[in-house]
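Dear colleague,

Please find below the structure I am handing over to you. My notes on it follow directly after.

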Amino acid sequence: MPSQTAFYTTHVEPSYPAVTSETVIGLITPSNDVITELELRRMMHDDSIGFAAARMKHHEPSTVENLYRHVDEIANAGDLFDPPGVVKVFAYACTSGSAIISQKRLEDELQRTRPGASLTSPMTGALRAFDRLGVKRIAMLTPYIDQVGAVVTEALSRSGISVCASASFHCKSDSDIAGLSPESIFEASCSFNSSEAEALFIPCTLLRTSSIIDRLEARLGKPVITANQAMLWDALRLAQYGKPIVGHGQLLML
């Protein structure tokens, strides 16, 4: 047999500095969500911010009862991010779920397995965005059935946000929501613009809105807050990332 030769390598850089400078945001997404990660990467162009996702089981149809079942999955999803402490900021990527389940309950569940971690969500991010922008009255375009849309409106109302105009695509399945084109969302948003509304809110992480936010703001003359955009903004704030992001609405410039 031919003799084997052992080769040894040396490190050019024994410790790669990016390991300590990069920030990873842990996404906890429903099992049928194939949109959120794509939308976040379309908005976030800085390689110093990474996204790592874990799935939590989602049961259709997306009724209030099925959405509330997410609370039983949060701790287990958080436990999948190893080693403990490498991810300090998490984002629960479901608007309707975060309207149904309180921020405190979501945080308590996550911190069962990831003590000290910060958590945001589309609803939490949106409410913080409205506060930052000084917005109290909004128009809202949703893809939801009436039962879920009413829960989102109620959650906004509890936080002092008045919905003065609303419209919905009344999608019966999440695949129908994901199939809505950006142009359909754009035209629908323009069709019921209210002069009373200080901003437009487009909830649901399954909607493909990243490419139309700037154009909508130019058309409507007011801020446009979307689920993934607001969640990203708040996650970056929690991660102490202070650089403006251009091209996806004025919120990400703050």
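A residue is called buried here when its relative accessible area is under 20%, exposed when that value is over 50%, and partly exposed in between. By this cut-off Arg-114 counts as buried, because its relative accessibility is 6%. Please bear in mind that the model is predicted.

Salt bridges

How many salt bridges does the structure hold? The number is 13. I describe some of them below.

Arg-114 takes part in one of these, its side chain meeting that of Asp-79 with 3.6 Å from N to O. Asp-79 is found in the loop between helix H4 (74-78) and strand S3 (89-92), and Arg-114 in the loop between helix H6 (103-110) and strand S4 (118-120), so this pair ties together parts that are 35 residues apart in sequence. Unlike the buried Arg-114, Asp-79 is partly exposed, with a relative accessible area of 40%. The two residues also belong to a network of salt bridges that links Asp-79, Asp-82 and Arg-114.

A further salt bridge joins Asp-46 and Lys-243, whose closest N and O atoms are 3.5 Å apart. Which parts of the chain does this pair tie together? Asp-46 sits in the loop between helix H2 (36-43) and strand S2 (49-56), while Lys-243 belongs to the segment after helix H12 (227-238); the pair therefore connects parts that are 197 residues apart in sequence. Is each partner buried or exposed? Asp-46 has 18% relative accessibility and so counts as buried, whereas Lys-243, at 51%, counts as exposed.

Arg-137 and Glu-198 form another salt bridge through their side chains, at 3.5 Å from N to O. Since Arg-137 lies in strand S5 (residues 137-142) and Glu-198 in the loop between helix H10 (182-191) and strand S7 (199-202), the pair ties together parts that are 61 residues apart in sequence. Arg-137 is partly exposed, with a relative accessible area of 37%, and Glu-198 is likewise counted as partly exposed, at 27% relative accessibility.

The open sheet

Strands S5 and S7 also appear in an open sheet of 4 strands, which has the order S6-S5-S7-S8 and parallel pairing. At its edges are strand S6 (162-168) and strand S8 (224-226), each of which pairs on one side only. On average, neighbouring strands of this sheet are turned by 20° against each other, direction ignored.

Between S5 and S7 the pairing is in the parallel sense and runs over 3 bridges. Which residue in S7 is the bridge partner of Ile-138? That partner is Ala-199. Helix H12 packs on the sheet, where it touches S7 and S8, and its direction makes about 85° with that of S8.

Ser-121

Ser-121 is located in the loop between S4 and helix H7 (122-133). With 1% relative accessibility, Ser-121 counts as buried. Its side chain makes a polar contact, at 3.5 Å, with the side chain of Ser-98. What else is Ser-121 in contact with, apart from neighbours within four places in sequence? Besides Ser-98, the contacts are Tyr-92, Gln-103 and Met-231.

Yours sincerely

Conventions: Residues numbered from 1 in each chain as written. Predicted model: local features only at pLDDT ≥ 70, side-chain atom pairs only at ≥ 80, totals over all residues. Heavy atoms only, no water. Salt bridge = Lys/Arg side-chain N within 4 Å of Asp/Glu carboxyl O. Helix = DSSP H or I, 4+ residues; strand = E, 2+ residues; numbered from the N terminus. Buried < 20%, exposed > 50% of the residue type's maximum accessible area, 1.4 Å probe, protein only. Polar contact = N/O pair within 3.5 Å; in protein donor to acceptor, adjacent residues only side chain to side chain. Contact = heavy atoms within 4.5 Å. Pairing = 2+ DSSP bridges. Axes fitted to C-alpha atoms, helices over the stretch in contact; angles between N-to-C directions.
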